[in-house]
Amino acid sequence: MQPFELVRPKSLTEAHTAFLADEESQYLAGGMSLIPTMKLGLVAPSRVIDLSLIPGLSAISRTGDAIEIGAMARHCDVARSPIVSQYLSGVGLLAGGIGDRQVRNRGTIGGSVANNDPAACYPSAILGLNATIKTNLRQIPASEFFLGLFETALQHGEMLTGFRFDIPKGSHYEKFHQKASRFALVGVFVSVTNDLTWRVAVTGASSQVFRVGEYERVLDAGGGPRDFPGEFTSPAMSSDIHGSADYRKHLVSVISSRAVGQLMQSMAQQH
Amino acid sequence: MSEKICVSMRVNGEPICRDVSHEMLLAEFIRNELRLTGLHVGCDTSQCGACTILMDGDAVKSCTIFAPLADGTSITTIEGVAETPAGRAVVTAFHECHGLQCGFCTPGFVLSVVELVTKTSSIDETEARQAVEGNICRCTGYHNIVRAIMQAQSELAGA
Amino acid sequence: MKYDRSAEAAPKRIGDHALRVEDRRFLSGKGRYTDDVVFPNQLYAAFVRSQHAHAEIKAIDTTEALRMPGVRGVFTGADLKADGVGAIPCIWEITCKDGSKMIEPDRYPLAISKVRHVGDAIAVVVADSEQTARLASRCVEVELEPLRAVVTVGDALAPGAPVVHEGTATNLCFDWSIGDHDKTERAFSSARHIVQLDLVNSRIIAHPMEPRAVNAQYHPAGSEFEIYTSSQNPHLVRMLLCHSVLHVPENKMRVVAPDVGGGFGVKCYVYPEEAVIPWLSRKMRSPVKWTADRSETFLSDAHARDHETHAELALDDDGRVLGLRVSTKANLGAYLSTWGPCIPTYLYAPMLSGQYQIPVIYAEVKGVFSNTLPVDAYRGAGRPEANYVVERLMDVAAAHLRMDRIELRKRNLISRNQMPYLTATGMTYDTGDFALCLTRALSAIDYDGFEQRRADARANGKLRGIGLSCYIEACGLSPSRLSGKIGSRIALYESGQVRLNPDGTATVFTGAHSHGQGHETAFAQIVSDMLCLPFEDIEVVHGDTARIAFGLGTYGSRSAAVGGSALAVSSRKVLEKGKHIAAHMLETTVDKVAFKDGIFSSSTTNKSFSIKEIARSAYIPHNFPLDNFEPGLDELSFYDPLNFTFPNGTQIAEVEIDPETGACEVCRFIAVDDFGVIINPMIVEGQVHGGLAQGIGQALLEHCRYDEETGQLLTGTFMDYCMPRASDLPSFEVSYHEQCPCTHNPLGVKGCGEAGTIGGTTTIMSAVVDSLKEFGVTHIDMPATPEKVWSTIRRSKDSPFQGQQR
């Protein structure tokens, strides 16, 4: 691997300063995406800033009607959290299905969201729950965060510190695996608020996470998956050796229906 | 910037203190610096899990962690796994169930399973198959590994 | 020294479920693989590889790499050639149907003037550390002028296609045939039914979990090489490197294949790196090591399968097969790998008769060069491809005749009382009871109850299918005389040496190599059984040319049948000599000495001696009649098999498909295998499991894909090449038919290593197609990925799922 300088700051300010001091800086959260890409020589930062020693970035807590998850909370922390399981069950399911057990023991929600891999699971939860993204500089609504393939609204040196989720009435995540990588070929996060507003957010199918407005409108109007229209508007479907655009589009419909069906079923059982 | 970073950790119970280069991976540190060559590296994209170790009790892929980040942790490799009851049970089960053939993925598999049987109880075969998706074995077809997980689990439950 | 005889009455160990002795080191981290070996003053090498599939090398600039601190040298193909390093030979020569020889281009360890596949090695960097070597390898500037590439056999054979090897008119390496063309034509011309099938046997990669590695050091004092390599076949590596590549005497080269982390065929060749690293160690006067990472493995290990086949079966109204006609185009890749041309010819076409009485067969195979990695053996090697052709045809024929698949097979099976049976392709099956294995498999899966299970699945929205494969393989390669006739440049016997030490322990040397198969256990069982020595007192040595007389390695399910047989013959020789010693000590004649339960005795006296006592005496022969026999008790044999062995059986499986996504789940998998005598049922079962996982992997998950325009490898990491994981597979139900031991080797064993890939792939594809039969589907190509299954359903006119949105 290309040599670099590893910096291990103990505060956000220190991290930010360290980042700006080198042109080729890179933040390191869990490293589950960054380190393999560095090993393959696809990225070669000259300075890597490890965020793991900064205190207070991995807490999971409830404040009133919201759940806060720190950016450095690992997937295994989120998957095991009783708070998440009670109030954001879809997020718990999603976190418990990322990669594999070893990856979940290192990978973090902040790293995943900041990386914005088009096939990563987490962006769908952020968008599907209309979360607020907190950084060292500001708060960003989910709708303004994901800008494209591996692109986010994060500015140079800006780093994620956590996420705030308004507690929904229910949420669920369904993933159809790309079996080699364990990423989502198509993943769908659905949520419904207490005033019965639905969100359907899709990852894996396109260059970035997107919502399916047609499905949401059907659900908001009290319909179900059977009423979903055959067509929906979305960014261009991805097409690669693991799935053609046609197939991905079809999977969006199938997996969305299943996600919604599951959520409706579990909510019905609760009542 | 200094060329090396001092790291100290416990490896299989032994305190270790070394200067390592910033970019050294934990897998490289354990294999090349500590010469604990039971740790194997089978891929470069974090899929195969051959390099799995326990880090503060968590199964992690040591090929995807920079060595300096292991500072202050306690690490268990295959060389030290049999020091604990769970480790002994898993090692014995792999042997008795013929859960290994060429032995290359085995150290990582054993450590992954040690975490699994330590942190879970009474999982069934289907769950066990799901739970080891972070380890690839090309020899056994997993059948006997799954049997070994079941045996180790019931051994520990009975203990 | 006094021996306790009671402890010597060892139990019969053949057939015993003995736990493996090698596990102790593997489970404590004490295994020693090639990359674990570090010599003093160790240097490290990294290769510069082509990023183009086909290009002329215009210039190589090593200046920047050489300037990097820690870099000790950068070398190219020209350097090797100037030093007299030769091309890596192919060990099989195919004679074409017109009598001409195959085209055999030179394969130099580092490319000279032209690169022919992505990953073709161009230069090598030597440095103080692995990291420096790798970083410097990225700084070697290679100017390549890209040429048009060919990837598929179709494109490679098209008129006007660019040729992979200059100086040849086309990319055709050989055009070979087997069987009787005219008789087959006649059978087809009068047949009532002809079924046809075009199929592709997909390209896959073996991927043992240990990436290949080589570590070599040169001892100038004796001009000797010491080479550690991750190989299934160390003596072959030595022989080919010494004879053809480095031109050194064999007694000046020691090749060690220590613990090897899986092979599956892909480590039984001689690779360019195995030539370059020893050469570097001599050049640098310092040990040099190279270890591939997985990405490099994708670009440097041989690939496998990759056939395009048109096959036809002629039948009468009753479903009796009248003839088989097969035409296959086999992708050989850019160069002939060590065994390359033998796989799609002699390891493939002779087995096209399968388990069936097929009166006439004609098969032709075109071997084709392309700008892809060389293609060579992978577990099964040719025989899975043959089984796939004949068994897919049987399914398609049954559908055509509207006959049950089982019934069609039963009408054509070779029966037990027809053995030995000579096939139309010239193989003589010595023994087997195919119908019995089939019947047992059907009963194990409750074949009669299947339609109910299909209906139950349907009620749950799933499509359930059942599939089977009646397979037979030719294993235990192979009689030397025959091998020579069909083009082999090496022989395929095996050596086995049984040495009784003075203390009565035994050291056993085998030319086979264990890389997961558990020879240290199974071979000890054989010798323990034959010499009645305690299992624990037997040490098995393999994988070192300095310790083992000679060897031809492990592949083709040959270790027990050929290597084990050599040990059986040597054990007999030990007993024979033991009898001479015993006769002397018992003061009787040899013909009066009996050996039973570890004791030599004679009816002429009350005295008796244990084999351990005899061993001790053999080394202290103070009063021996040394004119009659020599001291010592150490016997070596070279066992040359009389025929192939023919493991066979029936594998049967059920799958369920989710018609909405196309995802396929393997619900049950049953194998009833005839491996002859089983030495260790636990190890054999493990071999079957592993083979099945790989077989299922090819059917459902694995696919090595190239961009057909550029020749770029699209599946270059495990992120894109799908390795089977535990959750992709079922538990396997394996049982054996042991009543038909091999008739021509001393142990009665047939071999078990490849059964899983030979039957498994076909079985799953048969089940997948069956699950889709309501849509009129009779065949789909591998792998049956969710998308492929889904689009097959969608294309079907009859699909009740078409356009349905739930």
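Arg35(B) is exposed, with 9 other C-beta atoms within 10 Å of its own. This residue belongs to a predicted model, and its place is in the loop between α1 (26-33) and β3 (52-55) of chain B. Although Arg35(B) is not a glycine, its phi is positive, at about 60 degrees. Most residues other than glycine have a negative phi. A second residue of this kind is found in chain C: Cys532(C), also not a glycine, has a positive phi of about 55 degrees. Cys532(C) sits in the loop between α15 (519-531) and β21 (538-542) of chain C. Is Cys532(C) buried or exposed? Cys532(C) counts as buried, because 22 C-beta neighbours lie inside 10 Å and 20 or more are needed for that label.

The backbone of chain C also holds some cis peptide bonds. Most peptide bonds are trans. The bond from Leu477(C) to Ser478(C), however, is cis, with omega near -20 degrees. Ser478(C) lies in the loop between β18 (463-472) and α14 (480-485) of chain C. Another cis bond joins Met782(C) and Pro783(C), with an omega of about -10 degrees; here Pro783(C) is part of the loop between α19 (755-771) and α20 (786-795) of chain C.

We can now turn to whole chains, beginning with chain B. Chain B contains 5 helices and 5 strands, and from the N terminus on these elements run β-β-α-β-β-β-α-α-α-α. The radius of gyration of chain B is 16 Å, close to the 15 Å that the globule rule gives for 159 residues, so chain B is as compact as a globular protein of that length. Its C-alpha trace spans about 50 × 30 × 20 Å along the principal axes. Of the 159 residues in chain B, 66% are buried. Among contacts in chain B between residues at least 6 apart in sequence, 63% join residues at least 24 apart.

Chain A has 10 helices and 14 strands. Its radius of gyration is 18 Å, close to the 18 Å that the globule rule gives for 271 residues, so chain A is as compact as a globular protein of that length. Taken along the principal axes, the C-alpha atoms of chain A fill a box of roughly 55 × 45 × 30 Å. Buried residues account for 55% of the 271 residues of chain A. When contacts in chain A between residues at least 6 apart in sequence are examined, 61% turn out to join residues at least 24 apart.

In chain C, one local arrangement is a right-handed β-α-β unit made by β10(C), helix α7 (residues 234-245) and β11(C). Its strands, β10 (residues 224-229) and β11 (residues 253-256) of chain C, pair in the parallel sense over 4 bridges. Within this pairing, Glu226(C) stands opposite Arg254(C) in β11(C).

Helix α4 (residues 130-137) of chain C offers a picture of a mostly covered element, with 7 of its 8 residues buried. Where do the buried residues of α4(C) pack? They pack against β1 (43-49), α2 (63-67), β3 (71-76) and β5 (121-127) of chain C. The buried residues of α4(C) include Ala133(C), Leu135(C) and Ala136(C), as well as Glu130(C) and Arg134(C). Ala133(C) is also among the residues touched by Ala45(C), along with Val124(C), Val125(C), Val126(C), Ile277(C) and Trp290(C).

Ala45(C) in turn leads to the largest nonpolar core, which has 402 residues. Ile126(A), Val90(B), Val110(B), Ala45(C), Val125(C) and Val527(C) are the residues with the most contacts inside this core. Helix α16 (residues 559-585) of chain C gives the most to the core, with 13 residues.

Another buried position in chain C is Ile205(C), in strand β8 (residues 193-205). Ile205(C) counts as buried because it has 22 C-beta neighbours inside 10 Å. Leaving aside neighbours within four places in sequence, Ile205(C) is in contact with Phe298(C), Asp301(C), His303(C), Ala304(C), Cys704(C) and Tyr721(C).

Technical notes:
Residues numbered from 1 in each chain as written. Chains lettered and ligands numbered in written order. Predicted model: local features only at pLDDT ≥ 70, side-chain atom pairs only at ≥ 80, totals over all residues. Core = buried A, V, L, I, M, F, W, Y, C linked by C-beta atoms within 7 Å. Buried ≥ 20, exposed ≤ 12 C-beta atoms within 10 Å, placed from the backbone. Helix = DSSP H or I, 4+ residues; strand = E, 2+ residues; numbered from the N terminus. Contact = placed C-beta atoms within 7 Å. Rg over C-alpha atoms; globule rule 2.2 N^0.38 Å. Pairing = 2+ DSSP bridges. Right-handed = clockwise from strand over helix to strand, strands pointing away.
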